[in-house]
Structure formats: structure tokens, C-alpha cells
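Thanks, everyone. Please have the sequence and the structure open while I talk, and I will go through it one piece at a time.

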Amino acid sequence: MTSFSELGIGKNLCEAAARMGWTEPTPIQAAAIPVGITGRDVLAQAQTGTGKTGAFAFTVLARTRPGPGVPTVLVLSPTRELADQVSHEMYALSKETRHRVVAIYGGAPYSDQMRRLSAGCDIVVGTPGRVIDMCEREVLDLSGITELVIDEADRMLDMGFTEEVRTIVGMLPSERQTLMFSATFSDEVREVAEGWMDSPEEVSISPECPASDLVEQSYVIVERNRKYEVLRHIVSKNDPKTLVFCATKKMVDDLASRMSEDGLRVGSIHGDMPQSRREKTIRAYRNDRMAILVATDVAARGLDIDNIECVVNYDTPTDPETYTHRIGRAGRAGKRGFAVSFVTPREDRRVQMYEDYTGVRIAKINPKKIAGMDFSSPEVKEYHEGKVRMIQEARDARDAERAAKAKGRPVQPQRAEGVYEQISLNAGKSDGVSRNDITEFLTNKVGVPREAIGRIGLGKRTSFVEVSSEYVEKVLRDAERRRLGPVGVHAIRAPEKVKMKDRV
Ligand code: AMP
């Protein structure tokens, strides 16, 4: 394990880490800091909860000296909550180096932020709109920026900030270092990265170390009109610190008032609330003055609270990325957490989709069992420990397989004869990809033994591959986003109706 002193960040910052109680770098810090510190552009894949803020904070703090009169570091955040949290963490980390940090974001009065900018600072953390605004008001001078950090780039693009960021990038000196952090590497992220960065080194920790591993995931099949009942059972006993996600602002309002009428200590946040009220609620939640927070995705973005025990997907999200983001709110900074998703009978396919994406099996809980179930009870603990063991066993098997391979021993797939499943890959003839390329990709890059690959049906842009059952999870997980010809692979279980015409 790397120590902070081996990262090349200097004595002051090692002291800062120690003062924060951080004994060793997180994987993304160990991977990104040594590259960033050399001045190279870095495109890093990391989710919230992995220590990504520390990764870019240490890099830029080590590379700049405080006090030149104009800011040298600009950090762009998609939301005001995230800007606020990032600025607090950077402030905390710069006690020894004495960099001055200012946060600027919309929804808060100009006067205070303008006063701070005018007083002089080294690091500006801001949302794109307010950064442009402050430049137009001539209180922010970007001519001295040598370090640009684009945090949660995928969210930034999703939220429609591409043009604003482009404008800001256009105002910066071209001689600078750019660090971009994103939970996912979509084509769009790669495209903007190409335009805004100079041959960035890609750093990724997610395939080996997803944040969601620390969260014990479960789901309940429940009709819409019975969700509240189930939720009441989860939160009624012992009040686990719970974050509840709803799909819309109105649902957040309705659910929070219902819970509050029931006498629960609950707060709510969504995008229509004034910033001051949101901040007050988040503070109260952080300080344990309330046990339950009901939120929309946007409002909960970047919420940096370490001791959330339980995430409830009161409404399940349609895409697995949002799911992963949400459950990653629990199980932070090395602590275990649990997540329960309320899935209506019509939505049950989503569970498979989440499993495919996270590579972790999600345990089904009987709603009748949840009734009266106390999540910190020995019964539940035992249940979750069982599940964690299951995940651990799968991982051990994978490690054993890798170790065997490293020693050059052939790995015997212990497969039931002839049990194949079909996987669909987003690459085909039009991408110049052949069957051989697919076989090579699966054997060399994903690590599937040749004999575990069955027939391959080559399509124009989509191909279907038969893979021996016990390697299916591996392919879904390890093939993801790896290069196959010109495409970044996305592998899913093939829909059943697909027919295999072509044979290898
Ligand atoms: P982030 O991914 O930046 O949202 O960080 C998640 C949490 O992990 C934050 O509360 C950090 O304070 C904490 N953290 C960051 N780096 C470390 C570290 N090396 N050791 C322990 N905790 C850390």
C-alpha cells in the first residue's frame, strides 16, 4: 500500500492528510496524484465517495504556491452543494500550505462572494454560470490560472453546462494543467476531454474497486401504494441515518410532510428550495439533528456526509448510473452501509440492469420480512454478512483465477457442460471488428478462457457472443468500457429473442 509520503506531495500536505485522520491514500488518490503531480493532464474515473476531491486537491495544492495576487486554480463543479463541499475540503487541506479558497455559486448573494474575490485568493471553486458572471463583473481574473479541475464532468454535461464550460476554458491560458474527474467515461465525456485537454493520461479505479462494494444492496417488490408502509418499517426502529430518494420534487414534498406528520425527524431538499434553506437542512442532517433526509437526485448531488447508514430508493431510477450514484451515498470512507430499492412489480427488470452494471448481486427481501425488521438487529446483520460473504467468495474465486494465470497454469473453467448465455456487445462489422477480434478481446483483455466462448454472431454494430455461464458476470463487468477496435465496449445480457445465425 502506498503512503502519502510516497506520492510526492511534500511535507505540508502529508501533515494535512494526517491531521484529517487519513492514514493512507485511497486507490484513486494513489493512482491520480503521482501522474497529476508531473503536470500531465489527467482524465480520472472516480465516483463520489472514493476520495476524488482529495486526489485533485492534493495535486493542485502541491503544484501551486499561494499568494501571487490572482487565482491560480479553478475548480468547476456542477452544483452549488458540490462547490460548497469541495471548497470546504480544499480549505481544510490547505491549512498548512495557506492557499486561500473562495467558493462562488448561484442562488447566493453576489456581495459576499465578490468581497471575498476582491480580497484576493488562490483557489476558486465555482459553478460555471457564476464563474462567467464574476468574470463579466470583472471581479474574477482568470489570466493566472495554471490548474483547471473539472469535477463530475459527466454530470456537468448532463446538466447542460457544456457551452458554459467551453466559454470558461476559452478564457484560460492555454499553458495550464487540466484534471477532469467523471464517474463515467461516456463518448461525450471523451469528446470534450479531447477538446479541453492535452493528451490526458486516463486513470481509472472503478472496475477493481467500485464504491458500491461497501454497500449491502437489497430490493423489495412492492406496489406503489404500499411503499410508505415498507418505508415506515425501515425507519421506525433505531432511526438509521437514512437518505430517501424520490423521482420528483412534488414526491419529495409529499413524502416528507407525511413522515413529519407521523412524528419522524425528517428534512427534505430539492432544486426549487432556496439555497439557504437547503444548506440549513443539510447542516441539520449532517449534525444528526434529523435522521432522515428526502431528496431528488439533483439536490443530493455531491452531498458529502460520511455516516449515512441507509439509502432508500423510494422510486427506483431508470438508469444504473444514477442507481450506483445513489447507493454510493452510504458506505462512504470505508464504512459499511445498506441500500434498499422499492421496485414495483412492473419495474422488476431494473434489478437485473443494476446487477449487470455494478457486478454485484442484489438481495431480494420479502416485504413481509421487512415489516418489523430492525436493520441493526442481529438477524439483519447476519443476513447481510451472508451476502457480503457471497460477494467475497466470488471475488476470491476471481483472484485465485488471476493468480493461477499469473503462474502460467491453465485455468480450468468449472462449467456445467454446454451452459452458455448470450451476451450482446456494441461492436460489429461496421466498426471493422471480426469474430477473431471479439475472441481475442474476450481472451486477452477480459480474461475469458477460449473454451468458455461459444458461438459468435457478428452484426453490423452489435454482436452476440455465447459465453459459458460462469464467465458471464465477468464479461459484463470487466469488458465494460474497454476498447474493442474503435469502440468502448458496453456488454449486456442479450435479449432472449435474438437468434444465432452465424457460427464461428
Ligand atoms: P470524495 O470522493 O471526495 O467525496 O470523498 C469521500 C470522503 O472520503 C470524504 O469525506 C473525504 O473526507 C474522505 N477521504 C478522502 N480521502 C481519504 C483518505 N485518504 N482516507 C480516509 N478518508 C478519506
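I'll begin with a pair of helices. Helix α10, residues 227-236, packs against helix α11, residues 249-261, at an angle of about 55 degrees, and their axes are 12 Å apart. Because of that angle, α10 and α11 count as oblique to each other. The crossing of these two, α10 and α11, is right-handed. Which residues make the contact? On the α10 side they are Tyr228, Leu231 and Val235, and on the α11 side Leu255, Arg258 and Met259. By class, the contact of α10 with α11 holds 5 nonpolar residues, no polar ones and 1 charged.

Before the next pair, a word on confidence. What you are looking at is a predicted model. The average pLDDT of the protein is 83, and 84% of the residues score at least 70. Two stretches deserve a mention. Residues 386-392 have a pLDDT below 50, and this stretch has 8 contacts in the model beyond near neighbours in sequence. Residues 409-417 also have a pLDDT below 50, and there the model has 16 contacts beyond near neighbours in sequence.

Now the second helix pair. Helix α4 covers residues 80-93 and helix α12 covers residues 275-286; they pack at an angle of about 55 degrees, with their axes 11 Å apart. So α4 and α12 are oblique to each other. Is their crossing left-handed or right-handed? For α4 and α12 it is right-handed. From α4, the contact uses Arg80, Glu81, Asp84 and Gln85, and from α12 it uses Gln275, Arg278, Glu279, Ile282 and Arg286. What kinds of residue are these? The contact of α4 with α12 divides into 1 nonpolar, 2 polar and 6 charged residues.

The third pair is α2 and α3. Helix α2 is residues 27-36, and its axis comes within 9 Å of that of α3, crossing at roughly 25 degrees. That angle is why α2 is described as roughly parallel to α3. Again we have a right-handed crossing where α2 passes α3. The residues that meet are Ile28, Gln29, Ala32, Ile33 and Gly36 in α2, and Lys52, Gly54, Ala55, Phe58, Thr59 and Arg63 in α3. Sorted by class, the contact of α2 with α3 has 5 nonpolar, 4 polar and 2 charged residues.

Let's move to the sheets. One open sheet has 7 strands with parallel pairing, in the order β3-β4-β2-β5-β6-β1-β7. Which strands stand at its edges? They are β3, residues 101-104, and β7, residues 201-204; each has a single partner strand, so one side of each is left without a neighbour in the sheet. Ignoring direction, neighbouring strands of this sheet are turned by 15 degrees against each other on average.

Take the β7 end. Strand β1, residues 42-45, runs parallel to β7 and is joined to it by 4 bridges. Within that pair, Ala44 stands opposite Val203 in β7.

Helices also pack on this sheet. Helix α3, residues 52-63, touches β2, β4, β5 and β6, and its direction makes about 175 degrees with that of β6. This is the α3 that meets α2. Helix α9, residues 187-196, packs on the sheet as well, touching β1, β5, β6 and β7, and its direction makes about 170 degrees with that of β6.

Last, another open sheet. It has 4 strands in the order β16-β17-β15-β20, and the pairing is antiparallel. The edge strands here are β16, at 453-458, and β20, at 491-493; each has a single partner strand, so each has one side without a neighbour in the sheet. From one strand to the next, the twist averages 25 degrees.

At the β20 edge, strand β15, residues 420-425, pairs with β20 in the antiparallel sense over 3 bridges. There, Ser424 stands opposite Ile492 in β20. Which helix lies across this part of the sheet? Helix α19, residues 469-478, lies across β15, β17 and β20, and runs at about 130 degrees to β17, which covers 463-468.

To recap the sheets: the one with 7 strands has parallel pairing, and the one with 4 strands has antiparallel pairing. That is everything I have for today.

Conventions. Residues are numbered from 1 along each chain as its sequence is written. This is a predicted model: local features need pLDDT of at least 70, side-chain atom pairs count only at pLDDT 80 or more; totals for chains, interfaces and linings use all residues. Side-chain values use heavy atoms; hydrogens and water are left out. Axes are lines fitted to C-alpha atoms, for helices over the stretch in contact, and angles run from 0 to 180 degrees between N-to-C directions. Angles under 35 degrees count as roughly parallel, over 145 as roughly antiparallel, 65 to 115 as roughly perpendicular and the rest as oblique. A crossing is left-handed if the near helix is turned anticlockwise from the far one by less than a right angle, and right-handed if clockwise. Contact means heavy atoms within 4.5 Å. Ala, Val, Leu, Ile, Met, Phe, Trp, Tyr, Cys and Pro count as nonpolar, Asp, Glu, Lys and Arg as charged, and the others, Gly among them, as polar. Two strands pair if DSSP finds at least two bridges between them. pLDDT is the predictor's confidence in each residue, from 0 to 100.
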